[in-house]
Amino acid sequence: MKKAAIIILFISVALFATAQDSLMGRRFYEKHMAVNNLNGKPAPAFSAYTIQGKPVNITELKGKIIVLSVWTTTCMPCVEEINAFKFFKNKYKNKNIEYIAIAPVDNQQAIQVFLTRHSMDFKIWYSPSPNFVKDYIAEEYPTNYVIDR
């Protein structure tokens, strides 16, 4: 009896795991295809605010290469990649590249508190226009883009 219960439990777990993998695989595929559809097209325009509260628009950076990191203050992988961004910013400092960290879910105060613990020496924007997350398929953090001139 115990052996049959263990086998049934094992089969149930295996079926559940397969279903989860299938759903995750499908979601990954759909997101990959959606992001792939952005390749070769102009970056969707959006507006946001600087950490000082000044309104900005991505179109103001036309002609520059933009490394855009979509992040949130509660995301540990986002924190871990700060040093990588600093490294690349320093390595390519003479290449007309703008590094922007944009936080679609954090407000100005949350970011300022975050910055008391973590040094970020690149542009920090928050509260992008409502279409940003949809247009950039930025549902998970961090999500990074390189936008060509």
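Start by selecting P142, which sits in the loop between helix 5 (132-135) and strand 6. Helices here are DSSP runs of H or I with at least four residues, strands are E runs of at least two, and both are numbered from the N terminus. Show the backbone: the peptide bond from Y141 to P142 is cis, with omega near -5°. Most residues other than glycine have a negative phi, and most peptide bonds are trans.

A word on what you have open: this is a predicted model, in which local features need pLDDT of at least 70, side-chain atom pairs count only at pLDDT 80 or more, and totals for chains, interfaces and linings use all residues. Residues are numbered from 1 along each chain as its sequence is written, and side-chain values use heavy atoms, with hydrogens and water left out.

**The whole chain**

Zoom out and switch to cartoon. You should find five helices and six strands, in the order α-β-β-β-α-α-β-α-β-α-β along the sequence. Of the 149 residues, 32% count as buried; buried means under 20% relative accessible area, exposed means over 50%, and partly exposed is in between (1.4 Å probe, protein chains only). Now for contacts, meaning heavy atoms within 4.5 Å. Among those with a separation of 6 or more, 76% are between residues 24 or more positions apart.

**Strand 3 and its neighbours**

Next, select residues 65-70, which make up strand 3; six of its six residues are buried. Colour the two faces separately: I65, V67 and S69 are on one side, I66, L68 and V70 on the other, and all of them are buried.

Now add the strands beside it. Two strands pair if DSSP finds at least two bridges between them. Strand 4 (residues 97-103) runs parallel to strand 3, joined to it by six bridges. Pick V70 and you will see I102 of strand 4 opposite. Strand 6 (residues 143-147) pairs with strand 3 in the antiparallel sense, over five bridges. Here, V67 has V146 as its bridge partner.

**A charged trio**

Stay with strand 4 and show the side chain of E98. Side chains of opposite charge can pair when their charged atoms come close. The rule for a salt bridge is a side-chain nitrogen of Lys or Arg within 4 Å of a carboxyl oxygen of Asp or Glu, and the whole structure has two of them. In one, E98 meets K64, with the closest N and O atoms 2.8 Å apart. That pair links distant parts of the chain, since E98 is in strand 4 and K64 is in the loop between strand 2 and strand 3, 34 residues apart.

E98 also forms a salt bridge with K123, where the closest N and O atoms are 3.3 Å apart. K123 lies in strand 5 and E98 in strand 4, so this pair ties together parts that are 25 residues apart in sequence. Through shared partners, K64, E98 and K123 become one network. Which of these is buried? E98 is buried, with a relative accessible area of 13%, while K64 is partly exposed at 27% and K123 is partly exposed at 34%.

**The hairpin**

Move to strand 1 (residues 47-50) and strand 2 (residues 55-57), an antiparallel pair with three bridges. They form a hairpin with four residues between them, and G53 in the turn has a positive phi of about 90°. Select Y49: P55 in strand 2 stands opposite, and so does Y126 in strand 5. Strand 1 and strand 5 run antiparallel, joined by two bridges.

**Two backbone oddities**

Try N96 next, in the loop between helix 3 and strand 4. N96 is not a glycine, yet its phi is positive, at about 60°. Then go to S127, in the loop between strand 5 (123-126) and helix 5. S127 also has a positive phi, near 50°.

**The disulfide**

Show C75 and C78 as sticks. A disulfide is a pair of cysteine sulfur atoms within 2.5 Å, and these two sulfur atoms are 2.4 Å apart. The link is right-handed, with 80° about the S-S bond. Both C75 and C78 are buried.
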